[in-house]
Structure formats: structure tokens, C-alpha cells
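Please find below my notes on the model, set out as numbered points for discussion.

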Amino acid sequence: MTDTTSPTPERRGGTPAGIRAAARLDRLPPSRWHRRITLVVGIGAFFDLYEIFLGGVLAAALTEQWHLGPTAKSWVIAAGFLGMFVGANVLSVLADRFGRRRMFMINLAAYSLFSLLCAFAPDLSWFLVLRFLSGLGLGAELVLVDTYLAEFLPRAVRGRYIAHAYTFGFLGVPVAALLGARLVAAHQPLGVEGWRWLLVAGALGAGLLQVMRRQLPESPRWLMVQGRGEDAERIVAGLEERVARESGGSLPSVPEAETVPERKVPLAEMFRGDQRRRTVMWWIFQVLQTVGYYGFGSLAPVVLTAKGHTVTESLLYAALSFCGYPVGSALSVPLIDRIERRTLIIVSALGIAGCGLAFGFAAASWAVVTFGFLLTVCSNVFSNAFHVYQTELFPTGLRSSAIGIAYSLSRLTSVVLPFVALRVLSGLGASAVFAGSAGLMVLLCLDVALLGPRSTGRSLERI
């Protein structure tokens, strides 16, 4: 039998259905349905990450075609991140107000439209405006991926399944670099510059994904916070029936100790009590992680050309290095629910610092690729751990807003980063860029160790 019968849709076992919905979701065994939504949502991470790391590819390609100077080259990388900063702030807050599913549809539609228009940009000015707008649409994608999956997945597999979603998503990083190397080398496939095809591919892929996501249900945890207990009940009961049918047996009972009510939470709650400590910790984290994590991915092709490699060679070496992203993400899967999230973040961040230093000083091609690959492996153990961790820091009524506002700081840092890093690269060389990055990653480790709570294996409502 499944735990889906009750005298009324509002009560089950003497407890309001809305209060018990979270516990009922947590106690479900992982099923084909859970794996399907992980895949569909993970495809969205593919396009977000494809877009993020596309900035460095486009900067390397357009430098020759449009004769870009250091400032213009920095804006090519920064424009998309500036849009993501605005989008992460606006759309993530709207997701707490209007729902996760609705924002999923809006952000992808905006990204797909403006990315397609950007492919036809006639000059740098139009290109930068349209890159900003496409970034605006995509700004909350990873925030919504994390929030949506965390609110549906059982706590026993929450970390592992989110890591699976990002493993698929991070295939977008080497794909962006490999496509870039091939299309830039081909110059004008079908009479159109190769870099324009990269933007068309992202736009069309996101449009297809939007169609796939139309079948996603709204988050019952969010519905509970909005006082829509009947809607939450309908979705949870339907999911219980589906999982019971797929597993061929009865579902575990819901422990009464797990029935913690959810409530609406004002945004100001981020700065009160225990939430204030978590907010400060996570804001510091997001600023620092950008330099070590996104700094390499977005700047690697530019750094390699500064080392004397051709554009085509730089994109090829970057693509080989970027293969470590899906490898590191896959490596995190068996680790993420076994090792405390906080510990995994610290260890992998130190790996990023060490491998970044080695990459910065490397001269031979084999060393560049080897240390670049190891850096990206460490990066995605780190990334998956922190994407899961941030969903566990804040209550449901505040989750998307708090994560999105903090995450927007990483986008804002990404806007400033090219201007600072490229000046340091030009004046002091690649070794200085990565030495500075390593120092900031050490500060990040201290921030998490001193201020971060433990979370692994605990219910979202109990952390």
C-alpha cells in the first residue's frame, strides 16, 4: 500500500497535509521518476555552463576578427556575466514569489531568443547588448536547478542526484571549447562565421529544452509555503502512487518527528539570527569562488594565447583541459553523500589552488593540458559539493531568493574579473594571475571552516 489515502485532502494522520508533504517526499525511495527529472533539469545546467564558458571562446575568436583591444576583449567576457548578475537577483526572487516551474520557462525563453539574436550581431556594440540580455535570461538557471531538485529529491540521495545532474551539465564546457576550436578553425561553415554557430546552437538547444520542461510539476514545498496545501497534496500523492508502482512495493511510513511546518519567510530573515551567519558566510564564499573556479574556465583560452599559442591551439588545449569538468563531476557522485559537504568543499578548493599554480607556471603543452585537466577535476568536485550545500543553508520560503542573491555576487565578480585579471596577465604574466587566485581560495576555505554548518544526510527542514 502507499501512504496516499486520507479522510480529506487537507489532513493525513491528524496532521495537515502541507506539513507532512516534505517528510513524505524525503522518505520516498529513489525511482525512475527521480532520475528523469534529474536528467531534464540537468540539461538546463548544460546550457548554462555552455554559455558561461563560451565567453572565453568568443573573446579569443573575436579578437582577431574585430581587432579587439584588452578592454573590448574584457567586455566580451563580462557582458554575459553582467546580465547573469541582474537575472540571478531578479528571477531568483521571483521564483520564491511565483514558483520554480514558471521561472524555469521564462528564463529559458529569454535566453533562447536573445542568444539567437546575438548570433546575428553586426558589430561589437550590438553583440554586447544582446549578450547582456541573453545572460539576463539565464541568470537564475543554476539557482533554479539547485532549488528545484533539492525540494523534490529524497534526502538520502539529494547530493548524489544533484551531482549526476551537473555531471551531464558540465559536458557543455568541453563541448563549447571543442566546437569553438573546430568552428573557428573552419572560419565560415556555410558562409557564416564559426562563432555565430556557437550562439545558434545554444539558442536552439535551450528552446528544445523549454518544450521538455513543460511537463515538470511545481515544487510541493513551495506550494506549502504559499498556503496551497491541496495542490501540494495532489502532486505528492501522485508521485507516491508513481513511485510505489515503479518500485512494486509499499512505501516507508512517515516518521512523526519529521513533520516540520514550512512558512513564508520575509527576505529580511536572511540577516537575522542564525541565518545572518549563513548569509555572510555564503556571500563571502560566492565572491571568492568565482576567481578560482570561473576565472580559469572563462580566461583559459585568453591566458593560453598570451603564453604564445595560436587561437586554434589555445582552444584545443582549453578543450582538453575542460574534459576534467565532467570527469570531476562524475567523481563527486560517490563522495558527495559520504563526506561532509563542508569538508569536501575545503579539500577540493585546496586542489584548485595547487593545480592553478602549476598551470600558471607551466610552459610545455603537456604540462598545460595535464594541470588544466587536474584543475578542472578538482573544480567540479568543488562545484557539485557547493551547489548541494547552498540548497541546505536556507528555508524553503527563502531558498531561491537567498541562493540567487548570493550567487549573483559571483556573476558580479565575473564582470570585474576579466578587467583585473587581463591587466595582471598583461603586466605580470599567468603565474601572477594564478598565484592570486590560489591565495583567495585559501581564504575561502577559512570562511567555510569557521562559519559553515554541517548538513550532509539531514532533512532540509532540520538543517
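The points below concern one helix, its aromatic rings and a charge placed over a ring.

1. This is a predicted model, in which local features need pLDDT of at least 70 and side-chain atom pairs count only at pLDDT 80 or more, while totals for chains, interfaces and linings use all residues. Residues are numbered from 1 along each chain as its sequence is written, and side-chain values use heavy atoms, with hydrogens and water left out.

2. Helix H12 (residues 273–292) has 20 residues and spans 30 Å from its first C-alpha to its last, close to the 28 Å expected at 1.5 Å a residue; helices here are DSSP runs (H or I, at least four residues) numbered from the N terminus, and the expected span is 1.5 Å times one less than the number of residues.

3. Trp 282 and Phe 285 both lie in H12, three residues apart, about one turn of the helix, and both are buried (under 20% relative accessible area, 1.4 Å probe, protein chains only). Their rings are stacked, at 4.2 Å centre to centre and 5 degrees between the planes; rings of Phe, Tyr and Trp (its six-membered ring) pair if their centres lie within 6.5 Å, and planes under 30 degrees apart count as stacked.

4. The centres of the Phe 285 and Phe 382 rings are 5.7 Å apart with planes at 25 degrees, so this pair is also stacked. Phe 285 in helix H12 is thereby linked to Phe 382 in helix H17 (residues 365–391), 97 residues apart, and ring pairs join Trp 282, Phe 285, Phe 382, Phe 386 and Tyr 389 into a cluster.

5. The charged end of Arg 213 sits over the ring of Phe 104, 4.1 Å from its centre (the criterion being CZ of Arg within 6 Å of the ring centre and within 35 degrees of the ring normal).

Key
Helix = DSSP H or I, 4+ residues; strand = E, 2+ residues; numbered from the N terminus. Phe/Tyr/Trp six-rings, centres within 6.5 Å; stacked < 30°, edge-to-face > 60°. Buried < 20%, exposed > 50% of the residue type's maximum accessible area, 1.4 Å probe, protein only.
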